[in-house]
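Subject: Handover of a structure and notes on its contents

Dear colleague,

Please find below the structure that I am handing over to you. I would be grateful if you kept it open while reading the notes that follow it.

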Amino acid sequence: MFRKILSPFARLFEFHARTHYRTERHSMALTLGIIVAAGVGGFVEIAPLFTIDETVEAAPDMRLYTPLEQAGRDIYIREGCYACHSQMIRTLQDEVDRYGPYSLAVESQYDHPMLWGSKRTGPDLARLGNKYSDDWHVRHLVDPRAVVPESVMPQYAFLLDRTLETENLPDRLAALRAVGVPYSDEQIANAAADARGQARPDTDAADGISERYGDATGVRHFDGQRDRVTEMDALVAYLQILGRLTDAAFANQPLGEE
């Protein structure tokens, strides 16, 4: 009985094997097959781009990374944090229950490169912003086991001793504008001063931060040190804005959605 059921498939497999063998022996036929296969794959990848305006959600409240936050993002990439932490909450209910509203495309529109990731040695960080205090982040980065005993994360205490390089930030923001991030001339020109001012609220450099990036922008001593701006300041500032550039995900996804 099974032979009768499988016999049509056996003939199909035999035909496929015979055709494949013949194709491999003729270079033109093989070349044509490769072109067709590559064309189908290319179409599948390119076709969604024609509907990108319908795919990416509107977020009128979307704001840009400040120079300090962008510097922190660069440090995050430099230290390889993305290798153990993803920044994309999938639409699975257990992920939403654990991390919060699933990620929207619009939330990554200014990320170059994007850091969605797929490896989770540590938890997803897409909704990390404002979840913990600045002091918690500093202690966690200095000695992860001090706050999470089971953590396997390496220590980053050296960030407290490294003064943040700010002079290259105008060029960094200009490069991002070249790939579509809408930084203004004023934001680019004041990038270095804004980075210093965001981490030193008691200086004149802090005055323009709210004007250029919004009143909700955090301006404070992120690492607790008042005498200088460190790489720890930048990294903590970046971690505290993750998932907070726009409220679109929270507005579109009621908590407890099934």
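Is R90 buried, partly exposed or exposed? R90 counts as partly exposed, because its relative accessibility is 42% and the range for that class runs from 20% to 50%. Please bear in mind throughout that this is a predicted model.

**Salt bridges**

R90 has a partner in E95, and the closest N and O atoms of this salt bridge are 2.4 Å apart. E95, in contrast to the partly exposed R90, counts as buried, at 5% relative accessibility. In general, side chains of opposite charge can pair when their charged atoms come close. The structure holds 16 salt bridges, and two others are described here.

One of them joins the side chains of E186 and R212, with 3.1 Å from N to O. E186 belongs to helix α9 (residues 185-189) and R212 to helix α11 (residues 209-213), so this pair ties together parts that lie 26 residues apart in sequence. E186 counts as partly exposed, at 39% relative accessibility, while R212 counts as buried, at 16%.

The other is formed by the side chains of R78 and E79, at 2.8 Å from N to O. R78 has a relative accessibility of 41% and counts as partly exposed; E79 is partly exposed too, with a relative accessible area of 22%. R78 and E79 also belong to a network of salt bridges that links them with R162 and E231.

**The largest nonpolar core**

In soluble globular proteins, nonpolar side chains tend to be buried together. Here the largest nonpolar core has 46 residues. Which of them touch the most other members? They are L68, Y76, L141, Y183, Y238 and L239. Two or more residues of this core come from each of the elements α4 (67-78), α6 (134-142), α8 (169-178), α10 (191-199), α12 (231-239) and α13 (248-252). The most are given by α12, which supplies 7 residues.

Y238 can serve as an example from this core. Apart from residues up to four places away in sequence, Y238 touches Y65, E69, G72, R73, Y76, Q87 and L115. Y76, one of these contacts, is itself among the core residues that touch the most other members.

**How α4 packs against two other helices**

Two packed helices are described by the angle between their axes and the distance between the axes. For α4 and α10, the angle is about 90 degrees and the axes are 7 Å apart. These two helices are therefore roughly perpendicular to each other, since angles of 65 to 115 degrees are counted in that way. On the α4 side the contact involves P67, L68 and E69, and these meet A191, D194, A195, Q198 and A199 of α10. By class, this contact of α4 with α10 consists of 5 nonpolar, 1 polar and 2 charged residues.

At what angle do the axes of α4 and α8 cross? They cross at roughly 85 degrees and come within 11 Å. That makes α4 roughly perpendicular to α8. P67, Q70, A71 and D74 of α4 make this contact with L169, R172, L173 and L176 of α8. The residues of the contact of α4 with α8 divide into 5 nonpolar, 1 polar and 2 charged.

**A buried residue in α9**

Q187 lies in helix α9 and is buried, with a relative accessible area of 8%. Leaving aside neighbours within four places in sequence, Q187 is in contact with L64, L173, P182, R212 and Y213. R212, one of these contacts, is the residue that forms the salt bridge with E186. T91 is 96 residues from Q187 along the chain, and the C-alpha atoms of the two are separated by 35 Å.

**Two backbone features in one loop**

Most residues other than glycine have a negative phi, and most peptide bonds are trans. The loop between α5 (93-99) and α6 contains P113, which is joined to H112 by a cis peptide bond with omega of about 0 degrees. N130 is also placed in the loop between α5 and α6. Although N130 is not a glycine, its phi is positive, at about 65 degrees. N130 counts as exposed, at 54% relative accessibility.

Yours sincerely,

A colleague

Key:
Residues numbered from 1 in each chain as written. Predicted model: local features only at pLDDT ≥ 70, side-chain atom pairs only at ≥ 80, totals over all residues. Heavy atoms only, no water. Core = buried A, V, L, I, M, F, W, Y, C linked by side-chain atoms within 4.5 Å. Buried < 20%, exposed > 50% of the residue type's maximum accessible area, 1.4 Å probe, protein only. Helix = DSSP H or I, 4+ residues; strand = E, 2+ residues; numbered from the N terminus. Contact = heavy atoms within 4.5 Å. Axes fitted to C-alpha atoms, helices over the stretch in contact; angles between N-to-C directions. Parallel < 35°, antiparallel > 145°, perpendicular 65-115°, else oblique. Nonpolar A, V, L, I, M, F, W, Y, C, P; charged D, E, K, R; others polar. Salt bridge = Lys/Arg side-chain N within 4 Å of Asp/Glu carboxyl O.
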